[in-house]
Amino acid sequence: MIDIPPHFFEVTYQGAHYPGSPKVNGLQGGANCQVFAYELLRHHGLKVPDFRSSDLWEDTTHTQQVTDLQPLDILLWNKTPNSWGAHVGVYIGNNQAVHLSKANQVAVIWTLEYFLEQPAYQVFIGAKRILNNDDT
């Protein structure tokens, strides 16, 4: 399992704080699921562009699709197989992921099975792993 500093669990959900928004300043003032995930990855030394969900899923320059999950992989879920508007979390090991959502308002850790039991996350789109950390 990865180390998640306590301040990540104090971040509140803020939908207007999405990747590319002029309102985003790290985690200050809250974050959406993507900003939360990317800041956690950056805390662990990984560089990832500020992708929206569908851009992340389509990217092959900075990330690759994987099926053998490792801690710090980015996971995507949605209510349909569409990556546009998909929810993003970070795999932390032991069949668990951490994520920030509007429904919870703060970061929580769920099992991967629990995500699939939620109507909004009933489709696991897949996992992405950060590739080259020198060019982002």
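Which two strands form a hairpin with 2 residues between them? In this predicted model, the hairpin is made by S3 and S4.

## Strand S3 and its partners

Strand S3 covers residues 87–93, and 7 of its 7 residues are buried, so the strand is largely enclosed by the rest of the structure. S3 pairs with strand S2 (residues 74–78) through 4 bridges, and the two run antiparallel. In this pairing Leu76 stands opposite Val88 of S3. S3 also pairs with strand S4 (residues 96–100), again antiparallel, through 3 bridges. Here Val90 faces Val98 of S4.

The turn of the S3–S4 hairpin contains Asn94, which has a positive phi of about 55°. Asn95, in the loop between S3 and S4, also has a positive phi, near 60°, and is not a glycine. Most residues other than glycine have a negative phi. With a relative accessibility of 29%, Asn95 counts as partly exposed.

## Ala97 in strand S4

Ala97 belongs to strand S4. Its relative accessible area is 0%, so Ala97 is buried. Leaving out residues up to four places away in sequence, Ala97 touches Leu75, Trp77, Val90, Tyr91, Ile92, Val108, Ile109, Trp110, Leu112 and Phe115. One of these contacts, Leu75, is 22 residues from Ala97 in sequence, and the two C-alpha atoms are 8.1 Å apart.

## Aromatic pairs around Trp77

The model has 7 aromatic pairs. One of them joins Trp77 and Phe115, whose rings are stacked, with 3.8 Å between centres and 5° between planes. This pair links distant parts of the chain: Trp77 is in strand S2 and Phe115 in helix H3 (residues 112–117), 38 residues apart. Both Trp77 and Phe115 are buried.

Trp77 also pairs with Phe124, and this pair is tilted, at 6.0 Å centre to centre and 55° between the planes. It too links distant parts of the chain, because Phe124 lies in strand S6 (residues 123–130), 47 residues from Trp77 in strand S2. The burial of the two partners can be stated separately. Trp77 has 1% relative accessibility and so counts as buried, whereas Phe124, at 36%, counts as partly exposed. One aromatic cluster is formed by Trp77, Trp110, Tyr114, Phe115, Tyr121 and Phe124.

## Helix H1

Helix H1 spans residues 33–43. Of its 11 residues 8 are buried, so H1 is largely enclosed by the rest of the structure. The buried residues are Cys33, Gln34, Val35, Phe36, Ala37, Tyr38, Leu40 and Leu41. Their cover includes H2, S2, S3, S4, strand S5 (107–111) and S6. After H1 comes Gly45, with a positive phi near 85°.

Gln34 is a polar residue within this helix. Its relative accessibility is 4%, so Gln34 counts as buried. The Gln34 side chain makes a polar contact of 2.7 Å with the side chain of Ser53. Apart from neighbours within four places in sequence, Gln34 is in contact with Tyr18, Pro19, Phe51, Arg52, Ser53, Ala86 and Val88.

## The largest pocket

The largest pocket has a volume of about 420 Å³. It is lined by 21 residues, and those closest to its centre are Tyr13, Cys33, Gly85, Ala86 and His87. Two elements, H1 and helix H2 (53–58), give two or more residues to the lining. Among the residues closest to the centre, Cys33 is one of the buried residues of H1, and Ala86 is one of the contacts of Gln34.

## Leu72 before strand S2

Where does Leu72 lie? Leu72 is in the loop between strand S1 (63–66) and S2. Leu72 is not a glycine, yet it has a positive phi of about 80°. With a relative accessible area of 15%, Leu72 is buried.

Terms used:
Residues numbered from 1 in each chain as written. Predicted model: local features only at pLDDT ≥ 70, side-chain atom pairs only at ≥ 80, totals over all residues. Heavy atoms only, no water. Buried < 20%, exposed > 50% of the residue type's maximum accessible area, 1.4 Å probe, protein only. Pairing = 2+ DSSP bridges. Phe/Tyr/Trp six-rings, centres within 6.5 Å; stacked < 30°, edge-to-face > 60°. Polar contact = N/O pair within 3.5 Å; in protein donor to acceptor, adjacent residues only side chain to side chain. Contact = heavy atoms within 4.5 Å. 1 Å grid on protein atoms, 1.4 Å probe; cavity = no way out; pocket = protein on both sides within 12 Å on 5 of 7 lines; lining within 4 Å. Points joined across faces, edges and corners; volume = space filled by probe spheres on them.
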